[in-house]
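Thanks for coming. I will go through one structure, with the cut-offs given as they come up.

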Amino acid sequence: MPRKNEEKTTKAPAKKPASSGSSSSAVSDALLEMQQTGGNQQALSMLSTVPATATPSANTFSVSSEGFQYQLPQAPLIQEFNRDLLSGYSHAPSASDRERFPHLNQEESGRRSAELRDPSDRAALVKEARNQGRAHSYVRLDAASPTVPGRKHRLGRMQGKSQRGQEKEQHFYDNGGKFTPYPREADHLQSMTSSSTSRQDVWKALDAVNRGEQVPEGFEGHERELMSVPTITNLSEVQRSPLMGAASNMEIANQAHTSGTPRPFEEAFGNSEEREVKKKRKRKTEDDGSDSEDSKTKAFNFPGSISSTGAGAVHQFQAVEDSIMRGEMSDESVSKRVKRAPEAGTVKEARDFAVKKKKALLNTFQDRLQMTDISYAQSEPTGEDREQATLMRLRSGLRRNALPQMGLLRGGLRTLEKSSASSCSSSSEEKTPLEAFDPGEEVEFEDEEFLPPENELEEDSEDESEPVDEEEEMDEEEIEEKK
């Protein structure tokens, strides 16, 4: 068991990542070190035992097991989780190291090409982009087919924008050169269901591919579609907000492992409607030379339960994240931080979306905590040890269902589901000593303020805009495919 809080006096400075070795081991070793130091030590004292019949207090998560009920304050738990994410990326190697990552720095027809082989490659590309202000001009993304030797899938590209004021923006475009809104991904996933393939089967397949695992049997023909979602959530979106990407991963894992009925894809990824967009332009008319008003229709995306979905998602989630990191959990605190609306929307609507995102985020965390098996921890002899063991188990469950997909935690770890929950791994129902999940003793260290720099909390451009000159920006081969 970890030492009690009052006994933690040893300070362990963070170690620098090794200069050599595989990308996956470098990232996982760095995160293992972070886990052993315990992250935010203050969190170890935030869990409290309450009567089993007690009503959950405001702004707390509630978890029950073996006749015990625990309450955890929402803001400190998410703050700690977010610091873990940022610490993980601070230790991750960068894809700009060409000697370590030659497969992420290939060239084809004068354009950069990155072959994704492991989730740790996602972390390396994100680290590079965060170091450079997300200013990749062009990176084509490929991945080898796990089922057909020698075959490569073109997953699309990440591309920066050259317009004034958007030099640090970057979008993901699919293999046809189109911006990829999430409702389209929901349609892809829904098309995989059939009389013999349930919705949860598809969620499990998506979660497996998201973790870098083998495509499940029966989904070999949908490899590219399944790979596209992890590419967006763990590369493009994470560069703007690691917490947003991690929460998206966790929601996908929740739907894959739930013992209840998983959400419809449209409810998770959001839906869209056509809206008219009016723009004033200076034009000389035959009458009086006054301004004329042009209009066009645009697909406007509504958010789902996945954090990164919806028009203007990045700006809205930034309002949620800023509020939580300041310990302010009210709807008013989130709303006042939303300053603009996405195209074809209103500011009031954007504020409502932000509040919805906050509630969806809290539900995602609550669902994951309730799904985590903490029964083993209840066998501890004292109340203090039981609380610490329970908290460690809950923290490990959060990490295991969000960080491996980002390349910040080694793969193959069980998701710690309760035995009543359906899981991708039958071994998840076994009870294993706690030390197997969080090795090492808890030691105190000088915790830094891991808030993102200002330039990484900039205005987003998740809005569904097309590239300015799509044909010009695409490879010749992509243009031929489109024709």
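Right after helix 9 comes Gly 327, with a positive phi near 75 degrees. Helices here are DSSP runs of H or I with at least four residues, strands are runs of E with at least two, and both are numbered from the N terminus. This is a predicted model, in which local features need pLDDT of at least 70 and side-chain atom pairs count only at pLDDT 80 or more, while totals for chains, interfaces and linings use all residues. Residues are numbered from 1 along each chain as its sequence is written, and side-chain values use heavy atoms, with hydrogens and water left out.

Back to helix 9. From first C-alpha to last, its 13 residues reach 18 Å, close to the 18 Å expected at 1.5 Å a residue; the expected span is 1.5 Å times one less than the number of residues. Of the 13 residues in helix 9, 13 are buried. Buried means under 20% relative accessible area, exposed means over 50%, and partly exposed is in between, using a 1.4 Å probe and protein chains only.

One residue in that helix, which runs over 313-325, is His 315. His 315 counts as buried because its relative accessibility is 5%. A polar atom of the His 315 side chain lies 3.0 Å from the backbone nitrogen of Lys 339.

Now to phi outside glycine. Most residues other than glycine have a negative phi. Which residue in the loop between strand 2 (60-65) and strand 3 (68-73) is of interest here? That is Glu 66, with a positive phi of about 50 degrees although it is not a glycine. Its relative accessibility is 54%, so Glu 66 counts as exposed.

Ala 344 is another non-glycine residue with positive phi, near 75 degrees. Ala 344 sits in the loop between helix 10 (331-335) and helix 11 (347-371). Is Ala 344 buried, exposed or partly exposed? With a relative accessible area of 25%, Ala 344 is partly exposed.

Last, the whole chain. The protein has 14 helices and 10 strands. It has 483 residues, of which 57% are buried. The exposed area is about 21,100 Å², with 45% of it supplied by carbon and sulfur atoms; areas come from the Shrake-Rupley method with a 1.4 Å probe, and for residues only the protein chains shown count as cover. Taking contacts (heavy atoms within 4.5 Å) between residues at least 6 apart in sequence, 69% join residues at least 24 apart.

Notes. A polar contact is a pair of N or O atoms within 3.5 Å; within protein, one must be able to donate a hydrogen and the other to accept it, and residues adjacent in sequence count only if both atoms are side-chain atoms.
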